[in-house]
Amino acid sequence: MRTGGSTKGTTVVWGDYGLRMRDHDRRIAAKQLQIAADAIKMRLRGQRYRLYTRVCANIGVYTKGNEVRMGKGKGSFDYWAARVAVSRVLFELKGDLHEQIVRDAFRLAGNKLPGLYEFVRKGDPPVMGITKVEAGTTLEEMQRPKIKLPMDVTAGRIPATTPP
């Protein structure tokens with residue numbers, strides 16, 4: 001069973017609250033990240049806070065026009081994008097703010113971004129894939145099958161070598 005991979009970047013490090021991607025990995029444009037950050041700033045206008053952006057748009061996206069024949073080079077530069085893995089924290093926020101206000105700001109930012117997002121606090125457990133890694137959970141436990149079949153059911157599936 002595939003579990004996802006790493007727990008790196010799935011917890012809040014610098015701030016008190018964070019916005020974490022909940023579904024599969026995506027490529028998010030720099031303009032989309034900027035619009036989401038602006039939505040957070042507009043909601044928290046007049047408050048004292050610090051916003052941390054945990055992802056950087058460092059992938060150049062190049063496109064060619066429709067109905068263009070094969071060859072003749074790569075195409076022209078279109079926009080910058082960031083590859084965001086599943087369960088990665090995109091934004092963190094630190095400040096003396098009420099949690100409901102921060103939840104509302106992150107909800108507005110999540111509506112501007114592609115995909116599904118969730119609100120996390122500092123101290124929440126890390127996530128591997130889409131599974132939360134609680135205290136005492138090991139990688140081996142996450143990789144083994146979740147359903148345990150009784151021995152008589154599994155033995156009944158094996159064909160007998162001698163006739164009964």
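1. Tyrosine 17 has arginine 121 of β7 as its bridge partner. In this predicted model, strand β1 (residues 17-21) pairs with β7 in the antiparallel sense, over 5 bridges.

2. The wider sheet is open and has 4 strands, with antiparallel pairing. Their order is β3-β6-β1-β7. The edges are β3 (49-53) and β7 (117-121). Each has a single partner strand, so one side of each lacks a neighbour in the sheet. On average, neighbouring strands are turned by 20° against each other, direction ignored.

3. Helix α1 (residues 30-43) packs on this sheet. The helix touches β3 and β6 (89-95), and its direction makes about 25° with that of β6.

4. The largest nonpolar core has 24 residues. Ile40, Leu90, Phe91, Phe106 and Leu113 touch the most other members. Elements giving two or more residues to this core are β1, α1, β5 (76-84), β6, α2 (99-112) and β7.

5. Take isoleucine 40 from that core. Leaving aside neighbours within four places in sequence, isoleucine 40 contacts Leu51, Phe91, Leu93, Ala105, Phe106 and Ala109.

6. Two backbone angles deserve a look. Most residues other than glycine have a negative phi. Glutamate 67, not a glycine, has a positive phi of about 55°. Glutamate 67 lies in the loop between β4 (59-63) and β5. Its relative accessible area is 85%, so glutamate 67 is exposed.

7. Serine 87 also has a positive phi, near 65°. Its place is the loop between β5 and β6. Is serine 87 buried or exposed? Serine 87 is buried, because its relative accessible area is 3% and buried means under 20%.

Methods. Residues are numbered from 1 along each chain as its sequence is written. This is a predicted model: local features need pLDDT of at least 70, side-chain atom pairs count only at pLDDT 80 or more; totals for chains, interfaces and linings use all residues. Side-chain values use heavy atoms; hydrogens and water are left out. Two strands pair if DSSP finds at least two bridges between them. Axes are lines fitted to C-alpha atoms, for helices over the stretch in contact, and angles run from 0 to 180 degrees between N-to-C directions. Contact means heavy atoms within 4.5 Å. A nonpolar core is a set of buried Ala, Val, Leu, Ile, Met, Phe, Trp, Tyr and Cys residues joined through side-chain atoms within 4.5 Å. Buried means under 20% relative accessible area, exposed over 50%, partly exposed in between (1.4 Å probe, protein chains only).
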